[in-house]
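This report introduces selected features of a protein model to a reader who has not met it before. The sequence and structure are shown first.

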Amino acid sequence: MVPENRNRTNVTGRALPKLFAQVAFVIAISVLPSVAKTHPVPLDKNVDAKKCLECHEDKSKGKAVHSAIATGCLSCHEVRVSKDITRVKLTTTTPYGLCLTCHAEKDASQIKGTVHPPAVRDCLKCHDPHTTDNKNQLLKPLSGDKNENLCLTCHTQGLNVPEKGSRHAALDMGCDTCHTTHKTGPEATVENQFHLTKAAPALCLDCHDVKDAGLQKAHHDQPFGTANCLTCHDPHQSAMPKLMAKFTHAPFAGSSCDTCHQPAKDGKVVLTQASAKELCVTCHAEKAEQIAKAKVQHPGAAGDCTDCHNPHAGNTPGFVQPTPVAACLTCHNEQAEMQKKPHLHQPAFKQGCATCHEPHGGENEHLLRTAKVNTLCLECHGPDRSPGKLESEHLLTILDGKVKLPEDYFRTQRPPILPLEYGIGHPTERHPVSDVTNLQTKAVTPINCLTCHQAHAGADNGMLVRDQAPNMEFCRTCHSNPLDLKSIGNSKISGGGKQ
């Protein structure tokens, strides 16, 4: 016991100066951008921009000069003179903060929608603050090969085209042909998500003429001028010819257009059946049966199949349009509002709602793919997770093959693995994650993942119910007696413990 007590004394006594020193070091590192650098020559504290230009004239000349240069160097830089030492620093803590003093409209914290990642906090990753040979003070042009193109510093589109694949010639025209880097908006459109200059097909028709005989032949004389080109084609590169999307519908891939289409009439599509749904069920009768006989019906599945699916191709299995998330949020307004929360569950708002829910109707409440919530969650978060592999399709599967995921899903998304054993182990070593029975009273306390967590989004890490913070105050909603954690009071948590 003596060594243990000595260690405790060191932690609370002698070790404090060392601890404070470590904390001070961390704080210093965190604010390094604001640390003033020693100027090589002494300056007067009232120095003006003319003096700066005696040495830094190059900062004021070039093809693209930052307009801030005209306001003087001291509009961004601060000179500090202490005795015989001169230091120069920015007028703000970080370069990003300085940029926002003029470019407040670029403040990522105030923008709703998808913001280009470097624009969230690092303007200088793309821009030179003084002058360059490129417009908008860009460090490099937006065209050229990997060594010349600024975008290809981070992006790889068009660089690794498979041998039998295809590459969009527009890449050679420059990324700004189709993209406006800072464009975004609150609507979850492809145009906003990928910062496009305009939406397809208008964007595509800037280069591709719908009256071109070659294009008309390639589309079997079907009207395509008003179709969204991106539902069938990848705008950058593809493993297949003609920039075809990653996943294709069998009749479309085999150029068997007459399986579903009659010749166009008056510039309009004519199907071989009276409606899209009648056409689809000629091959997919099992889906029609599932929709009709489901214990829990999905109203959205009662309409035409093409309300949710593109009949030709797509970038995800099932060709869900416009995306596997947006297709559902069109009707599910409550979930759409959850996108405003800072912490989003990846399957719910990135991968697709059908990861957890059966979109055509099912046997379980809320159309969940399994009857038990924990079984569903542990497919990704369980220590014994074991996804299947579809080698030929480069996909993984979970839930007995019902859900397909990208082959790198677990490597790139890294869903936390819970250290569970015999139904206990999260969030602390002996904490249960499933129903607990009191051996004396036989009373059952229902518990599952939704007892503590929200399934879609939350205000803080862990997405705890009622948007609570992950701290002891949250634990006290159940454990009112900190001296006896087995004593559970009247829980104030509104979870899904019954499932």
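Ile69 counts as partly exposed because its relative accessibility is 26%, which falls between the limits of 20% for buried and 50% for exposed residues. The model is a predicted one. Ile69 belongs to the loop that connects strand 2 (64–65) with strand 3 (77–82). When neighbours within four places in sequence are set aside, Ile69 is in contact with Lys59, Ser60 and His130. Between Ile69 and Ala49 there are 9.4 Å in space, C-alpha to C-alpha, although the two residues are 20 residues apart in sequence.

**Paired strands**

Strand 3, which follows the loop of Ile69, takes part in an open sheet of 3 strands. The order in this sheet is 1-4-3, and the pairing is antiparallel. Strand 1 (37–38) and strand 3 are the edge strands, since each of them pairs on one side only. Strand 4 comprises residues 85–90 and is joined to strand 1 by 2 bridges. Strand 3 and strand 4 are joined by 6 bridges. These two strands also form a hairpin with 2 residues between them, and Lys83 in the turn has a positive phi of about 60°.

A further antiparallel pair is made by strand 9 (residues 261–265) and strand 10 (residues 268–271). Their hairpin likewise has 2 residues between the strands, and Asp266 takes a positive phi near 55° there. The table lists the three antiparallel pairs with one pair of partner residues from each.

| Strand pair | Bridges | Partner residues |
|---|---|---|
| Strand 1 and strand 4 | 2 bridges | Thr38 and Arg87 |
| Strand 3 and strand 4 | 6 bridges | Val79 and Val88 |
| Strand 9 and strand 10 | 3 bridges | Gln262 and Val270 |

**The largest nonpolar core**

In soluble globular proteins, nonpolar side chains tend to be buried together. In this model, the largest nonpolar core has 12 residues: Leu368, Val373, Leu376, Cys380, Leu396, Ile398, Leu399, Val403, Leu405, Tyr409, Phe410 and Cys449. Two or more residues come from each of helix 13 (373–381), strand 14 (395–398), strand 15 (403–406) and helix 14 (409–413). The greatest contribution is that of helix 13, with 3 residues.

Which residues of helix 13 are buried? They are Val373, Asn374, Leu376 and Cys380. These residues lie on the same side of helix 13, because they cover an arc of only 160° around the axis. The buried residues of helix 13 pack against strand 14, helix 14 and helix 15 (449–452).

Leu399 is another member of the core. Apart from residues up to four places away in sequence, Leu399 touches Thr355, Arg369, Thr370, Leu376 and Glu379. Of these contacts, Leu376 is itself listed in the core and is buried in helix 13.

Tyr409 and Phe410, also in the core, are both buried. A search of the whole structure finds 1 aromatic pair. Tyr409 and Phe410 form this pair in an edge-to-face arrangement, with 5.3 Å centre to centre and 90° between the planes.

How values were computed
Residues numbered from 1 in each chain as written. Predicted model: local features only at pLDDT ≥ 70, side-chain atom pairs only at ≥ 80, totals over all residues. Heavy atoms only, no water. Helix = DSSP H or I, 4+ residues; strand = E, 2+ residues; numbered from the N terminus. Buried < 20%, exposed > 50% of the residue type's maximum accessible area, 1.4 Å probe, protein only. Contact = heavy atoms within 4.5 Å. Pairing = 2+ DSSP bridges. Core = buried A, V, L, I, M, F, W, Y, C linked by side-chain atoms within 4.5 Å. Arc of directions from axis to C-beta. Phe/Tyr/Trp six-rings, centres within 6.5 Å; stacked < 30°, edge-to-face > 60°.
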